[in-house]
Amino acid sequence: MIPEGRKHVTQARLPIDRVSPQDEPAVLALNNEHAAELSWLEPERLSFLLAEAFYARRIGALEAFIMTFDQDARYDSPNFLWFRERYPRFVYVDRVVVAGEARGRGHARRLYKDLFDHALRAGQTIITCEVNAEPPNPASDAFHAALGFVEVGDAVIHGGKKAVRYYSRQITG
């Protein structure tokens, strides 16, 4: 029997792997479970976005995933376009989600750290994201603040249905 503390460490060390085409049905299901915080995706749209992604990774079978884009992506999200208008080079975190049963294991933090390392190797120095202000997401605000993100703007989007705060973080080697 594994002591409780050791079990947590073992689970936290699940590998971080690239999202592959075989992962798409599970990614789609997890994304759409959290559509209020992210946005609903259809299978074709997910395939397109993954093909455009700068960095798309998962932990375990699918305890968590992250999808990001750099400034060159063909992406029409108003949040992504907000950053493109202001930064010549950046990586935009479009979505990161942890399955309910896998929360509290440090997966989101591990994905961000791996993203920071990957971005630096690619010559990127700015990571950006947005967090819902309306409906509010205080846990995400606190998480991003703890990682060193600072607020750089805000917007009301989707015809007034959603308000967001924009964040950025400088990364260095």
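The largest pocket in this predicted model has a volume of about 870 Å³. Its lining counts 40 residues. Strand β4 gives the most to that lining. Helix α6 contributes as well, and Arg57 in strand β2 is a buried charge without a salt bridge.

**The largest pocket**
- Glu37, Leu38, Val96, Asn137 and Ser140 are the lining residues that lie nearest the pocket centre.
- Two or more lining residues come from each of α4 (78–86), β4 (91–98), α5, β5 and α6.
- From β4 come seven lining residues.

**Helix α6**
- Helix α6 spans residues 138–146, and its buried residues are Ser140, Asp141, Phe143 and His144.
- Those buried residues line one face of the helix, because they fall within an arc of 165 degrees when seen down its axis.
- An α-helix has 3.6 residues a turn, so residues three or four places apart point the same way.
- Pro138, Ala139 and Ala146 are exposed on the other side of α6.
- The cover over the buried residues includes α5 (107–121), β5 (126–134) and β7 (162–170).
- Gly148, just after α6, has a positive phi of about 95 degrees.
- Ser140 links two topics: it is buried in α6, and it is among the residues nearest the centre of the largest pocket.

**Arg57**
- Arg57 sits in strand β2, residues 55–59.
- Arg57 is buried and has no salt bridge.
- Asp114 is the nearest side chain of opposite charge, 4.5 Å away. A salt bridge needs the charged atoms within 4 Å, so this pair does not count as one.
- Leaving aside residues up to four places away in sequence, Arg57 touches residues including Ile16, Asp17, Phe65, Leu111, Asp114 and His118.

How values were computed: Residues are numbered from 1 along each chain as its sequence is written. This is a predicted model: local features need pLDDT of at least 70, side-chain atom pairs count only at pLDDT 80 or more; totals for chains, interfaces and linings use all residues. Side-chain values use heavy atoms; hydrogens and water are left out. Helices (H or I, at least four residues) and strands (E, at least two) are DSSP runs, numbered from the N terminus. Buried means under 20% relative accessible area, exposed over 50%, partly exposed in between (1.4 Å probe, protein chains only). Lys and Arg count as positive and Asp and Glu as negative; His and the chain ends are not counted. Contact means heavy atoms within 4.5 Å. The arc is that of the directions from the helix axis to the C-beta atoms. On a 1 Å grid over the protein atoms alone, a cavity is a set of points where a 1.4 Å probe fits but cannot get out, and a pocket is an open set with protein on both sides within 12 Å along at least five of seven lines; lining residues have an atom within 4 Å of a point. Grid points are joined across faces, edges and corners, and a volume is the space filled by probe spheres set on the points.
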